[in-house]
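Biologist: I would like a close look at one part of this model, a pair of packed helices. Please take the pair first and then its surroundings.

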Amino acid sequence: MKKFFVMVLLCAVPAFSLFGCADNTTTEGSAFDNGREISVVSREDGSGTRSAFIELFGMEEKNSDGSRKDKMTREAVIAKQTDVMMTNIAGEKYAIGYLSLGSLNDTVQAVQIDDVDASAANIKNGTYAVARPFYIATKGEPTGPAKDFISFILSAEGQKVISDSYIAMDDHAPAYAGNPLSGKITVAGSSSVTPVMEKLKEAYEKINPDTTIEIQQSDSTAGMTAVMEGTCDIGMASRELKDNELTELMPEKIALDGIVVIVNKANPISTLTTDQVKHIFTGEAAKWSDVGEERDLNE
Amino acid sequence: MKKGISMNKWKEKGMSAVFFAAALASILAVGLICFFLLANGIPAIRKIGLLNFLGGTEWSPTDTPPEFGILPMILGSLYVTAGAILTGVPIGLLTAVFLACVCPKKLYQVMKPGVELLAGIPSVVYGFFGMAAIVPLTGNSILSACILLGIMILPTIVEVAESALRAVPALYYEGALALGAGHYRSVFRVVLPAAKSGVLASVVLGIGRAIGETMAVIMVAGNQARMPVSLMKGVRTLTANIVVEMGYASGLHREALIATGVVLFVFILIINLTFSVLKGREGK
């Protein structure tokens, strides 16, 4: 019995390695094979990029009873970080994924959505639709220390901080004049805006050490509610403001975040429609040949 | 004279108190970790329901209503660990036999530090190696994770098994030779069976290393939170579940991840108990 077990152990190892090698020979070196399964790569549940992607492509099932279901395919490989996402796509010929435009580099290929290039210019002029705005909002005209912080965000210095990872709204913003008041500013809202707000806070506190900024991370709706109720000075939202919010709040768009669909460089595909992207990421299109019904992939 | 003795006595008492305090620190750390895990994890398990939590096959923490079933991750951890044992143990054991019974001294001086170096490589480096060298061949799959973990547990197995083999009295080997057995027959039929419990202990330690490994596995396993389907498809382990989602989790989602840690902790406890039992048997 024991001997048998040992034999099984010893046989299993070479069998495993052969299996691996056999698979290898068929994928490497050959042309792009449309019949192959799509390897979908996604970010983890709770990631801001994932929730934006799902929302922008309508992959969220909302029911009247208030329940929400994320329809991203369960087969999707989960990459925890942006660089892991890119390494995955760069290393796997049949993979597709997505990331924030600011993180894109040339190890992967960006796909056009509905024939529009994902570029900062196209996002700004509104032709590339897979983008979301980052807003800050105040209740009425901002006053005190909050006013100065907002003027910093909209100044050349603040916009430079933003453009490190997102698309800044104003390329010709005036330099920060500086009229700091000592005091405390509370900022609350969207977890997607929080990272860039943290950076803005760091830069601002370096110039104005007398001001302390407290950032409370929740979500866009909670942030807007907090400003309306007066429990914070500035609210953050990663979506357009709703009508009931606009009646009370003064919004200011501070940045745009574009989301790019990326594929391996060996992939002949260069453009996808919104529906095709949706089919791929919900798992309805399992193979690359299921995607290109409207277009010849190899053209 | 008398005063000197009592001074010495006090000094000794004082120092032994210092050593005792040092020993307490690590016990205290274990106690605190236990307390933290249980205090944070148990309420979540209660809210979700033990059966729904351990037996649920659906993990969708951000849906409304959310689902927190970690059966896919439990199975994932078990499969990946089993695979690592299948790939790592045969190679590790044979390496240990080679180092302890066959290896010439000069070669040993190169081989031994080589194996030790393997143990010192950070797991994220293993992860990048896996992404660059294994994933292109076998994809983000259970198989990739098994191969990578198989390599990662090698040093643990080699070290422990080698010292177990060396602890076997030379008399056993010489006796076997005297009875007419050849070198390899003596090694495999006499020395190796004599070191049995030490060798088993090395395997158990290897299991502990494999089940607790996080970073490297995340980078090659795909991390899909659904029931494992095939050797060539991805999987998510318990450790991966915690690390992948902890960054953004809040509320019950976060508590459920800590509860995942409780399950992992129970696994590790079982493994360590097994190890102590085996170790105890070796002592006899």
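Modeller: What follows describes one helix pair and the core around it. This is a predicted model, in which local features need pLDDT of at least 70 and side-chain atom pairs count only at pLDDT 80 or more, while totals for chains, interfaces and linings use all residues. Residues are numbered from 1 along each chain as its sequence is written, and chains are lettered from A and ligands numbered from 1 in the order in which they are written.

In chain B, helix α7 (residues 154-167) packs with helix α10 (residues 196-212) at an angle of about 165 degrees, their axes 8 Å apart. Helices here are DSSP runs of H or I with at least four residues, numbered from the N terminus; axes are lines fitted to C-alpha atoms over the stretch in contact, and angles run from 0 to 180 degrees between N-to-C directions. α7(B) is therefore roughly antiparallel to α10(B), a term for angles over 145 degrees.

On the α7(B) side, the contact (C-beta atoms, placed from the backbone, within 7 Å) includes B:Thr156, B:Ile157 and B:Val160. Among the residues that α10(B) brings are B:Ser202, B:Val203 and B:Gly206.

B:Ile157 touches those three residues of α10(B), and, beyond its neighbours within four places in sequence, its contacts also include B:Gly88, B:Val89 and B:Leu93. B:Ile157 is also among the residues with the most contacts inside the largest nonpolar core, which has 134 residues. Such a core is a set of buried Ala, Val, Leu, Ile, Met, Phe, Trp, Tyr and Cys residues joined through C-beta atoms within 7 Å, buried being 20 or more other C-beta atoms within 10 Å of a residue's own. A second, separate core of 18 residues includes B:Ala44 and B:Ile48.

Technical notes: Helix = DSSP H or I, 4+ residues; strand = E, 2+ residues; numbered from the N terminus. Parallel < 35°, antiparallel > 145°, perpendicular 65-115°, else oblique. Contact = placed C-beta atoms within 7 Å. Buried ≥ 20, exposed ≤ 12 C-beta atoms within 10 Å, placed from the backbone.
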